[in-house]
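User: Please take a close look at a single part of this model, namely the place where the two chains meet. I would like one connected account of it.

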Amino acid sequence: MPQFEQVSVFGSLIFWSLISFGLLFVLLKKYAFPPILEALEARQEKIRSEIEASETLKKEAQEIKLQLEKEFQGAHAKAESIVQMASNEAKKLQEKTLSETQAKVRQMQADVEREIETSRIKLLKEIRSYTAQLTIASTEKFLKKSLDEKDKKRLADESIEEVIREMEERSRN
Amino acid sequence: MSMESPLHHFELHPIIPMSVMGLDISINKAVIAMWIGSAVIFGVFMLVVKGGVSLIPGKVQSLAEMILEFIGGMVEEFIGEADRAKFLPFIASLFLFILACNLIGLIPGSYTITSQLVVTGAFAVGIFIMTLVIGFGRHGMHFLSVLVPPGVPKVMIPLMIPIEIISMLARPISLAVRLFANMTAGHTVLAVLFGLAMSSPLWVGWLPFGFTVIINGLEIAIAIIQAYIFTTLTCVYIGDVIKLH
C-alpha cells in the first residue's frame, strides 16, 4: 500500500497539510468568517427585535381591543338605560294623559248629567204648570163652573201625579 | 490488456522537488489538489465577503451561512454555548478543509490527501494535543481526574486509569484511521471498477463503468459524512476536556 510504503513523501505531506490548514484557518478566521457571522448575528438581532416589537404591538392592540370592548359595553348599557328611561317617561306620560282624560271625561259626564237633571227638573216644572192649567181649564169647562182654590189645587196635584207617573212608566218602558 | 494495481494511484511523485533542512517537502499531486481545494473554499467565502454581506442573503451567502450555522450548532451542542465564538472558526475551518480535500479527490486525476494516514494522523494527533492543552489550561492538574470516571469505587482506580489512558489514546488513532480508511476504500473501489471497465470489452465494460458513476455519487456523500464525523468527534473531544465528565 503506497500510503505505508512511500515513507519519503510523509514529511512533505504532513508539512504541507498542516501549513495549508493553518493558513486556511488564519485567512478564514481573519477575513471570511467575521463579516458573515456578524451578518448572521445582525439578522438574528433584527428578527428578535422585530418579533419583540410585533409582540408589543399585539399586546397594545389587545389592550385597545379590550378597552374598546369595555367602552362599547358601557355605551350599550348607557343606551339601554336611556331607552329604559325614555320608555318609563313615555309610560308615565301616557298614564298621566289617560288619567287626565278620564278625569275630564268624568267631569264632562257629570256636567252633562247635571245639565240633563236641570233640564229635566225645568221641564217637569213646566209640564206641571201646563198640566195644572189644562186640568183646571178642562174641569171648569166640564163642570161649567169655576172651582175654588182648594179643589183647584187637589185636581192639579192629582193630574200632575198621574201624568208624571205615566211619563215615568213610559220612559221606563 | 493487463490491469493496473488499484492502489497504484495512491503513489505520489514529486512535481516540484524541495527540501528544508534535510526534510523533503517536495510539492506533489496531493499537495496541489489540497491547495486547489483550500483555494476553492477560501474563494467561495471571499466571494461572499467581497460581494458585500447583506442582511438578505443571496445563494452563495446562504450556503456559507448555512455551513457556519450548522457548525455553530455542533459547537454549541458538544463544546458549549459559552465557547462557541472561541472554537467556531477552528472547527469550521477544519470541517471545510477536510471536506475540500475529500471532495477534490473525487475529480478524476486528482488526489485525496485525506487518504494518507500520515495526514489524517497528523491532524488527529494535533487535535489530541490541543485537547490536552485545553484540558490542562482550563482545569490545571484537576484535569487528570478525567482518567477516573465519576462513581468508580476506589479499589477500581488502579485498573481504571490504564483503561482510560488507552481509551484516550485510542481516540486520535480511531479518528485518523476512520477518515483514512474511508477515503482509501472508496477510491480503491472506484479504481477497481474503473480498471475493470477499462480492461473489458465494451459490451461488458459498461457495467463496471456504470457502477463507478453510482459509487462516485456515494463517495460524494461519504466525503461529506466523513468530514462531518471528523469535526463532530473533534468537538466531542474538546467538549469532554472542557466539561470533564
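Analyst: The account below moves from the interface as a whole to one helix pair within it.

The model is predicted. Chain A has a mean pLDDT of 89, with 99% of its residues at 70 or more. Among the elements of chain A, the highest mean pLDDT, 92, belongs to α2(A), and the lowest, 80, to α1(A).

In the interface, 33 residues of chain A are in contact with 39 residues of chain B. On the side of chain A that touches chain B, two or more residues come from each of α1 (2–5) and α2 (10–143) of chain A. The most is given by α2(A), which supplies 27 residues. By class, this side of chain A holds 23 nonpolar, 7 polar and 3 charged residues.

Within this interface, α2(A) meets helix α1 (residues 29–50) of chain B: their axes come within 10 Å and cross at roughly 5 degrees. Because angles under 35 degrees count as roughly parallel, α2(A) is roughly parallel to α1(B). From α2(A), the residues making the contact include S12(A), L13(A), W16(A), S17(A) and S20(A), and also L24(A), L27(A), L28(A), Y31(A) and P35(A). Among those that α1(B) contributes are A30(B), V31(B), M34(B), W35(B) and S38(B), as well as I41(B), F42(B), F45(B), M46(B) and V49(B). The contact of α2(A) with α1(B) comprises 19 nonpolar and 4 polar residues, and no charged residues.

Note on methods
Residues are numbered from 1 along each chain as its sequence is written. Chains are lettered from A and ligands numbered from 1 in the order in which they are written. This is a predicted model: local features need pLDDT of at least 70, side-chain atom pairs count only at pLDDT 80 or more; totals for chains, interfaces and linings use all residues. Two residues are in contact if their C-beta atoms, placed from the backbone, lie within 7 Å. Helices (H or I, at least four residues) and strands (E, at least two) are DSSP runs, numbered from the N terminus. Ala, Val, Leu, Ile, Met, Phe, Trp, Tyr, Cys and Pro count as nonpolar, Asp, Glu, Lys and Arg as charged, and the others, Gly among them, as polar. pLDDT is the predictor's confidence in each residue, from 0 to 100. Axes are lines fitted to C-alpha atoms, for helices over the stretch in contact, and angles run from 0 to 180 degrees between N-to-C directions. Angles under 35 degrees count as roughly parallel, over 145 as roughly antiparallel, 65 to 115 as roughly perpendicular and the rest as oblique.
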